[in-house]
Amino acid sequence: KKNGGIYVLQNRQEIDEILKIFPVEEIWGFAEASAIKLKLLGIKTAYQFMNAPEPLIQKTLTVVGVRIQLELRGISAKIVRSYFQGQQKIKSSISNC
């Protein structure tokens, strides 16, 4: 479905079909250098990236690349940190994806 320029993908099959034609250089969070590294490994689409071995992605793009890969798989990669500052407990959410 298309709503104001935003695509709403309803199921895994729809998602996979889009990712098969979606170039890695257009994945949000990737710098040009990351896309070049992936292309040198033969990874040209978001679908190939999503299905690439996680250790290869971590070695090539570090933990940030793995987080993006997890998000494409539908797994939230947000990190929630909890720490104390004086008497007040503070929670923060960090997302690199």
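Visitor: Why is Arg73 called partly exposed?

Guide: In this predicted model, Arg73 has a relative accessibility of 30%, and since partly exposed covers what lies between under 20% for buried and over 50% for exposed, Arg73 counts as partly exposed.

Visitor: What makes the contact of Glu54 with Arg73 a salt bridge?

Guide: The closest N and O atoms of Glu54 and Arg73 are 3.8 Å apart, and because a salt bridge asks for a side-chain nitrogen of Lys or Arg within 4 Å of a carboxyl oxygen of Asp or Glu, the pair qualifies as a salt bridge. The pair links distant parts of the chain, with Glu54 in helix α4 and Arg73 in the loop between α4 and β3, 19 residues apart. In general, side chains of opposite charge can pair when their charged atoms come close.

Visitor: Why is Glu54 called buried, partly exposed or exposed?

Guide: Glu54 has a relative accessible area of 33%, which is neither under 20% nor over 50%, and therefore Glu54 is partly exposed.

Visitor: How do you know that the side chains of Lys39 and Glu25 meet in a salt bridge?

Guide: Their N to O distance is 3.0 Å, and the cut-off is within 4 Å, so the side chains of Lys39 and Glu25 are counted as a salt bridge. This pair also links distant parts of the chain, because Lys39 lies in helix α2 while Glu25 lies in the loop between α1 and α2, 14 residues apart.

Visitor: What makes Tyr7 exposed?

Guide: The relative accessible area of Tyr7 is 58%, and exposed means over 50%, so Tyr7 is exposed. Tyr7 lies in strand β2, and together with Leu9, Ile18 and Ile21 it forms a nonpolar patch on the surface, with about 420 Å² of accessible area together.

Visitor: Where else does Tyr7 appear, and what lines the largest pocket?

Guide: Tyr7 is one of the residues lining the largest pocket, and the lining also includes Leu9, Ile18, Phe22, Trp28, Glu71 and Gly74. The volume of this pocket is about 370 Å³, and the largest share of its lining, three residues, comes from α1.

Visitor: How do the residues of that lining divide into nonpolar, polar and charged?

Guide: They divide into ten nonpolar, one polar and one charged. Gly74 belongs to the lining, and because Gly is among the residues that count as polar, while Glu counts as charged, Gly74 is the polar residue and Glu71 the charged one.

Technical notes. Residues are numbered from 1 along each chain as its sequence is written. This is a predicted model: local features need pLDDT of at least 70, side-chain atom pairs count only at pLDDT 80 or more; totals for chains, interfaces and linings use all residues. Side-chain values use heavy atoms; hydrogens and water are left out. Patches are made of residues with over 30% relative accessible area and no salt bridge: like charges are joined within 9 Å, nonpolar side chains (Val, Leu, Ile, Met, Phe, Trp, Tyr) within 5 Å. Accessible areas come from the Shrake-Rupley method with a 1.4 Å probe; for residues, only the protein chains shown count as cover. Helices (H or I, at least four residues) and strands (E, at least two) are DSSP runs, numbered from the N terminus. Buried means under 20% relative accessible area, exposed over 50%, partly exposed in between (1.4 Å probe, protein chains only). On a 1 Å grid over the protein atoms alone, a cavity is a set of points where a 1.4 Å probe fits but cannot get out, and a pocket is an open set with protein on both sides within 12 Å along at least five of seven lines; lining residues have an atom within 4 Å of a point. Grid points are joined across faces, edges and corners, and a volume is the space filled by probe spheres set on the points.
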